[in-house]
Amino acid sequence: MVRSRITAAIALGANVGEPERSFKRALSLLERDGDVQILRRSHWHGTDAVGGPAEQPDYTNGAVLVETTLTPGALLERLHGIEAHLGRDRANEERRGPRVLDLDLLYALDEEGAFLAEHGDELHLPHPRMEERPFVLAPLKEIAPAQRLPRSGRTVAEQLDFLEESGGLARLESPAEARAWCEAARAAGATIGFVPTMGALHQGHLELVRRAAMENDLACVSVFVNPLQFNDPADLEKYPRDLEGDARLLAGVGCAMVFTGTLEGFFPGELVDGALPAAAYVPPGPSAAGLEGEFRPGHLDGVATIVDRLFDVVEPTRAYFGAKDFQQCLVVQHVADRRGGAPEIVRCPTVRESTGIAMSSRNALLDDGAREAARALHRGLSAARDAWVAGERDASSLSQRLREGASQPSVDLEYAEVRDPQRWTPGQPTGALERAVGLVAANVGGVRLIDNMEFDGDAR
Ligand code: AMP
């Protein structure tokens with residue numbers, strides 16, 4: 001029987017021991033049984049380590065093109081066998097940590113040059129992350145510059161230019177383009193981590209994006225100042241916007257795609273006189289009652305509605321939200337539950353400035369005096385938490401502590417309350433609390449700020 005032959009591209013990487021020596025030995029082991037022939041081999045490239053633990057040695061990377069009668073699965077098994085033979089212990093290594101030898105199957109082509117697709121537990125073909133990685137594409141360009149890539153449709157050489165020009169960040173202007181991009185990514189077997197934002201990005205947002213990039217094949221971000229969630233037109237008007245700055249920051253944290261849009265773009269043909277009819281709103285669920293629901297009527301309805309539509313567009317594997325917007329996280333979970341439990345909602349800790357102030361796009365609107373006064377919110381939350389740690393379990397006493405600690409002449413408190421984070425009640429819970437979160441909203445120098453702290457958590 002004549003076995004069909006495939007052509008496959010293999011990426012090599014190492015940053016421990018003597019990479020060039022390991023590569024030479026790996027390649028001779030690969031050809032030893034006579035069923036794999038190396039057609040072309042790149043030079044070895046020195047590259048900085050990407051992600052993973054700090055201060056690991058630089059990498060050496062390369063690529064080879066092979067022809068083989070093995071199936072892709074058997075070829076991968078051969079590669080793993082060679083890695084183990086040369087000292088790699090896959091079962092006990094750190095994610096993105098140092099490597100003695102890394103042999104990745106990038107893609108396999110049939111005899112007509114068509115991509116073979118495999119989306120198993122071990123084997124993903126074509127490799128879902130290869131198009132985002134300059135350290136993979138640079139050596140690949142030497143051996144297959146005109147090879148068209150499955151997701152972007154660009155050649156290897158074109159994609160490398162694109163990464164160099166843009167930092168790998170695709171910038172899309174409409175939900176329709178974003179939908180097509182995400183569909184292609186999913187069809188290529190990639191998992192998508194999604195971070196919805198209103199832009200004017202800061203470290204709090206970037207933490208979410210870093211985590212999305214770490215836990216998924218691709219991270220994607222939306223920047224949309226959603227008019228549906230602003231109950232105050234003046235607040236919408238003065239909300240900070242800086243799309244160019246945002247794109248620069250996103251390119252630096254491994255984001256693959258950012259998209260924007262207009263209300264019409266998100267709800268094509270659904271607006272009446274420029275507004276979304278009440279019937280088209282998505283219900284925010286029981287946790288929208290009280291606090292934000294009371295002081296910003298309609299806000300959480302607008303959040304639920306846009307988040308549901310964003311999930312339609314992106315269909316992410318996971319979506320990342322900040323605990324800073326605590327009630328929003330509960331509402332978003334409700335939206336995901338209504339959609340059958342997808343995407344998985346990941347709640348990330350609040351990132352704070354060294355003064356304790358929770359990072360927020362709105363902080364850019366604070367003058368020096370207001371910025372100083374805003375520290376009172378974190379002080380109040382910390383005071384209530386101290387009382388909790390000392391044994392106080394009564395919601396009324398805890399919120400009293402919170403209010404006292406947060407009180408300041410230039411801090412105009414809207415609410416300072418305590419809730420059970422797992423059993424939301426619109427009003428103050430009664431009886432001894434088993435868990436507690438303090439939540440506060442205030443007007444400081446004309447800027448509305450919110451913050452919260454889970455008392456049993458690690459105090460962020
Ligand atoms: P926004 O742009 O304000 O709508 O925020 C977008 C996402 O970033 C939301 O999930 C927020 O909760 C999250 N976020 C905003 N500020 C912070 C922060 N200081 N720490 C962590 N996440 C944050």
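How far from an oxygen atom of the ligand does a backbone N or O atom of Gly322 lie? The distance is 2.9 Å. The model in which this value was computed is a predicted one. This briefing introduces the chain as a whole, then the site that holds the ligand, and finally three individual residues: Glu353, Ser287 and Ser222.

**The chain as a whole**

- The chain has 460 residues, and buried residues make up 51% of them.
- Its secondary structure consists of 15 helices and 16 strands.
- Taken along the principal axes, the box filled by the C-alpha atoms of the chain comes to roughly 80 × 55 × 40 Å.
- Of the contacts in the chain with a separation of 6 or more, 68% join residues that are 24 or more positions apart.
- The area that the chain exposes is about 20,600 Å², and 48% of this area is supplied by carbon and sulfur atoms.

**The ligand and its surroundings**

- The ligand sits in the largest cavity.
- It is surrounded by 17 residues, of which the closest are Met198, Gly322, Asp325, Val351 and Met359.
- Three elements, namely strand 9 (192–197), helix 6 (203–215) and strand 12 (318–322), each supply at least two residues of the shell around the ligand.
- Helix 6 gives the most to this shell, contributing three residues.
- Met198 places a backbone N or O atom 2.9 Å from an oxygen atom of the ligand.
- For Gly322, likewise, a backbone N or O atom is found 2.9 Å from an oxygen atom of the ligand.
- Asp325 takes part through its side chain, with a polar atom 2.6 Å from an oxygen atom of the ligand.
- Taken alone, the ligand exposes 480 Å², and the protein buries 94% of that area.

**Glu353**

- Glu353 belongs to the loop that runs between strand 13 (344–348) and helix 13 (368–373).
- This residue counts as partly exposed because its relative accessible area is 22%, a value that lies between the limits of 20% and 50%.
- Apart from its neighbours within four places in sequence, Glu353 is in contact with Met359, Asn363 and Arg371. Met359 is also one of the residues closest to the ligand.
- The side chains of Glu353 and Arg371 make a polar contact at 3.2 Å.
- Glu353 and Gly204 are separated by 149 residues in sequence, while the distance between their C-alpha atoms is 9.5 Å.

**Ser287**

- The loop between helix 9 (263–266) and helix 10 (292–295) contains Ser287.
- Ser287 has a relative accessible area of 9%, and it is therefore classed as buried, a term that applies under 20%.
- Its contacts, leaving aside neighbours within four places in sequence, are with Gln327, Leu330, Val331 and Trp424.

**Ser222**

- Ser222 is part of strand 10, which covers residues 218–223.
- With a relative accessible area of 1%, Ser222 is buried.
- When neighbours within four places in sequence are set aside, Ser222 is in contact with Phe194, Val195, Pro196, Thr197, Phe259 and Leu310. Among them, Phe194, Val195, Pro196 and Thr197 fall within the range of strand 9 (192–197), an element that supplies at least two residues of the shell around the ligand.

Definitions and conventions
Residues are numbered from 1 along each chain as its sequence is written. This is a predicted model: local features need pLDDT of at least 70, side-chain atom pairs count only at pLDDT 80 or more; totals for chains, interfaces and linings use all residues. Side-chain values use heavy atoms; hydrogens and water are left out. Helices (H or I, at least four residues) and strands (E, at least two) are DSSP runs, numbered from the N terminus. Buried means under 20% relative accessible area, exposed over 50%, partly exposed in between (1.4 Å probe, protein chains only). Contact means heavy atoms within 4.5 Å. A polar contact is a pair of N or O atoms within 3.5 Å; within protein, one must be able to donate a hydrogen and the other to accept it, and residues adjacent in sequence count only if both atoms are side-chain atoms. A residue is near a molecule or strand if one of its heavy atoms lies within 4 Å of it. Accessible areas come from the Shrake-Rupley method with a 1.4 Å probe; for residues, only the protein chains shown count as cover. On a 1 Å grid over the protein atoms alone, a cavity is a set of points where a 1.4 Å probe fits but cannot get out, and a pocket is an open set with protein on both sides within 12 Å along at least five of seven lines; lining residues have an atom within 4 Å of a point. A molecule sits in a cavity or pocket if more than half of its atoms lie within 2 Å of its grid points.
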